Amino acid sequence: MPTETFEFQVEARQLLQLMIHSVYSNKDVFLRELVSNASDALDKLRLDALRDDSLDVDTSDLHIEIELDPDARTLTVRDNGIGMSYDEVGNLIGTIANSGTAAFLKELKEAQDAAGAEGLIGQFGVGFYSGFMVADEMTLVTRRAGEAAGTRWSSRGEGTYTLERVDDAPQGTAVTLHLKPADAENQLHDYTSTWKIKEIVKRYSDFITWPIRLVPQPGGDGEDTPEPETLNSMKALWARSRDEVSDDEYHELYKHVSHDWRDPLETIRLQAEGTFEYQALLFLPAHAPHDLFTRDFRRGLQLYVKRVLIMDDCEALLPPYLRFVKGVVDAQDLSLNVSREILQQDRHIRMIQRRLTKKVLSSVKEMKANDPDKYTAFWREFGAVLKEGLFGDPDNRDALLAVASFASTHSEDEATTLQQYVERMKDGQNDIYYMTGESRQSLENSPHMEAFRARGVEVLLLTDPVDEVWVDAVGEFEGKALRSVAKGEIDLDVQGDEKAEAEREKQSEAYAGLLGWLKEQLAEDVKDVRLSTRLTVSPACVVSDAHDLTPALENMYRAMGQEVPTTKRILELNAAHPLVESLNQAYQEREDRTELVETAELLHGLAVLAEGGQPKEPARFVKLVAERLERGLH
Ligand code: ADP
C-alpha cells in the first residue's frame, strides 16, 4: 500500500500553526486530551460490543497505556478501544468538524494578542491537535474494531499529513508524540519523565473509569517495576463524599465530559436515595457554546448504571431548555441495555428529569441570592435558552420566572426580575409593559416608548428572539398583564380621568375626517389610522393589534420556512405634532388633495423607519423626500 499525502483543511492548518507556535501556556493539558480521547474510544467499544453481538472483540481488559522512551524522546498513549477506519482517520483527524470552528477562526483573526488567542483556544478546545504544543511530529496507528487492516497517520503539523495502510496494527489507537526538547521559557516540561507523567495523570485524569497504566521502562531509573503501574484511582467523583473531592477535580471531570477547556461556572451535586437511587453531578458552563442555537447541538448527560457508562449523550435526562448543562447521572436500577427510544418513555428517567430540572433551577436561584455577579454572568450566557422553558415547561414556569431577569428602562446596567418590576409599578398602573426588538438602543429610541418615557413608566426591553414567544405564552405575572408598548391601544393617563377623556373626545371629532381619508389612502398598507396616546415627540408610529403577530415574529416564522401572510398594522398620529396639525388643516382647506396623498405616504414611511423597519419602496421614498427638501429651499 502506498503512502498517500494529504493537505489539511484550511481551518485545521491555521489551528495547527497556533498549536505549534503554542500560544496556550498550560501545555500539560495535551495529555489530558489524548487520555480523554482514549477513554471515549474505550467507552464506545464497550457500548458497541453491548449492542452488537456480532462484533467479535475482546473487552475483558480495556485500558489505556502510556509508554515513555527518554532516548528516542517519544511518548505514546495507547488504547485498545474502538479505533478508526482509514476514512475515519482522514475525516476525524484531518479536518476540524467542530461546528464552531468558522466562528472560532474569525474571532481568532480579530484577537490581536496572544492572551486573546489563548482564551479562544481554551474556549474551543482542540483535542488531538494539542499534541503539537509539545511535539514536532505525531504518529497515530489505529485499527477499527471488527476490521482487518489498520491505518497509520503521520504529520509534522505543517500543512500535510500522510496516510498509509498497515497490516499488523493492534485493535485500538496508539498516538506517538515526538517531543520537542524541554524548555523552561516555553513551559515545556520533560514529558519523558515518569514522575511528571504521573503527576499530570493524577491531576487531570484520576477519575477516568479505565485504568491508565504506565508501561515500565526496561532497566530505567533503577526502579525496575516489571508490572505496569496503574496511575489513576478510577473512582467516580460522584460516588465520593463532597469533602473528599476538590473543586479542581470536579472541574477536570467537567472538561472531560464537555470538551471545554475552561472551568465550569457551577458544580451541582445531587444524591437521590430511597427506592430509586441515583447520583448526579451537573455542571453549568461559564460560557455558552457557539452552536447552542443550532439544530445539531449535541446535548445530553452521560448516563451510567452502577459506574458503567451506558449512554454518552442521554437527552432524556434534561429538558431542551437546559441543554447547555453537562454532567453525569449514575443510577442503581436501570437496565444496562436500553435504547434511546425506551429511555424517553421510562418512568424513572422522567422522574430523574423532573428532579434534575428542579435542582438546576434552585441552584440558579441560590446563585442569584448569594452571588449576584455569578448569576449575572450565568444569565447573560444562558438566559435566552432558559426563557424557552417559559413556554416549553409550564410546570416550572414560576421557578423560571423567579430567576429570570430582563433589561429595563429602570436601569442602564442592572437587569430586573418581574417581581422587582411589580414592586416599582406606579399607582394606577395595572400592566407590565415591555417592548421587543433588536437592541436596547433601537428600543429606547423607538417612538412607541415616548409616552412611557415622558411619564416615567418603566418598560422591559426584550431583545432575544425568544422573547416574542414567551411573553405571549406567559401572559401575566401576579395578575398583571404583560403588555407590549407597540401593540393595542395604550392609555397611560386617561383611565378614570374625565377631563382628559373629554379632551380626547374633542380631538377625535376634529380629526375624524382626516383619519377616515388617510385610512382610504393607505388601505394597502394599514388597517386603521387613529390618534395616538403613546407619542409625545414623533409625528406618527405604527402599532400592531393586541393579538396580531409582530413583524419580528412573522420574520421568525418565515425564517423557519413557514408561510405567514403579512399582517396589516395600525398607523397612529400624534395630534400635538405640528406636522399632523398642519396636515389636518390642509385636509380641511384644500379641494385638490393630490399632494396630501404623498404626504400621507411619507408619514407612513417615517413611522415605519422610526421603529427600525423599511418603507415599502425605499427608492421612491427617498425620491419623494428629496423633492420635498428641495422645495423647502426655494
Ligand atoms: P474531540 O475529541 O473534541 O472530538 P479531537 O480532535 O480530539 O476532537 O478528536 C477528533 C475525533 O477523532 C474524535 O471525536 C474521535 O472520533 C476520533 N479520535 C480521537 N482520538 C481517538 C482514539 N484514541 N480512538 C478513537 N477515535 C479517536
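In this predicted model, Ser-85 makes contact with Arg-144, Glu-147 and Thr-151, leaving aside residues up to four places away in sequence. Ser-85 sits in the loop that runs between β3 (74-79) and α3 (86-94). Is Ser-85 buried or exposed? Its relative accessibility is 13%, so Ser-85 counts as buried, the cut-off for that class being under 20%.

At the other end of strand β3, the loop between β2 (64-69) and β3 holds Arg-73. The backbone here deserves a second look: phi of Arg-73 is near 55 degrees, a positive value in a residue other than glycine. Arg-73 has a relative accessible area of 24% and is therefore partly exposed. Lys-306 also has a positive phi, of about 45 degrees, although it is not a glycine. The place of Lys-306 is the loop between β12 and β13 (308-314). With a relative accessible area of 48%, Lys-306 is partly exposed.

Arg-73 leads on to the interior, as it is one of the residues touched by Leu-177. Other contacts of Leu-177, not counting residues up to four places away in sequence, include Phe-30, Leu-34, Thr-74, Leu-75, Gly-131 and Met-138. Leu-177 belongs to the largest nonpolar core, a set of 74 residues. Leu-177 is among the core members with the most contacts inside it, together with Leu-31, Leu-75, Trp-153 and Ile-197. Which helix gives the most to this core? That is α2 (residues 29-51), with 10 residues. The core reaches across a domain boundary, drawing at least three residues from each of domain 1 (4-230) and domain 2 (237-378). A second core, separate from this one, has 72 residues, among them Leu-282, Tyr-321, Ile-349 and Ala-486.

Empty space inside the protein comes next. Rolling a probe the size of a water molecule over the atoms shows where such space is left. Six cavities of 30 Å³ or more are counted in the model. The second largest cavity has a volume of about 90 Å³. Its lining includes Ser-39, Asp-43, Phe-207, Trp-238, His-256, Gln-302 and Tyr-304. Helix α2 gives two or more residues to this lining, as do α7 (247-258) and β12 (301-305). The most comes from α7, with three residues. By class, the lining of this cavity has six nonpolar, four polar and one charged residue. Domain 1 (4-230) and domain 2 (237-378) each supply at least three residues to the lining of the second largest cavity.

Farther along the chain, the second largest pocket holds about 1,200 Å³ of space. It is lined by 46 residues, of which Pro-551, Ala-552, Asn-555, Arg-569 and Glu-611 are the closest to its centre. Several elements give two or more residues to this lining, namely β17 (432-436), α14 (440-444), α16 (467-474), α18 (551-559) and α20 (594-610). Which element gives the most to the lining of the second largest pocket? Helix α18 does, with seven residues. The residues around this pocket divide into 16 nonpolar, 16 polar and 14 charged. Two domains take part in the lining of the second largest pocket, with at least three residues drawn from each of domain 3 (405-485) and domain 4 (498-634).

Notes. Residues are numbered from 1 along each chain as its sequence is written. This is a predicted model: local features need pLDDT of at least 70, side-chain atom pairs count only at pLDDT 80 or more; totals for chains, interfaces and linings use all residues. Side-chain values use heavy atoms; hydrogens and water are left out. On a 1 Å grid over the protein atoms alone, a cavity is a set of points where a 1.4 Å probe fits but cannot get out, and a pocket is an open set with protein on both sides within 12 Å along at least five of seven lines; lining residues have an atom within 4 Å of a point. Grid points are joined across faces, edges and corners, and a volume is the space filled by probe spheres set on the points. Helices (H or I, at least four residues) and strands (E, at least two) are DSSP runs, numbered from the N terminus. Ala, Val, Leu, Ile, Met, Phe, Trp, Tyr, Cys and Pro count as nonpolar, Asp, Glu, Lys and Arg as charged, and the others, Gly among them, as polar. Domain bounds come from an automatic or database domain assignment. A nonpolar core is a set of buried Ala, Val, Leu, Ile, Met, Phe, Trp, Tyr and Cys residues joined through side-chain atoms within 4.5 Å. Buried means under 20% relative accessible area, exposed over 50%, partly exposed in between (1.4 Å probe, protein chains only). Contact means heavy atoms within 4.5 Å.
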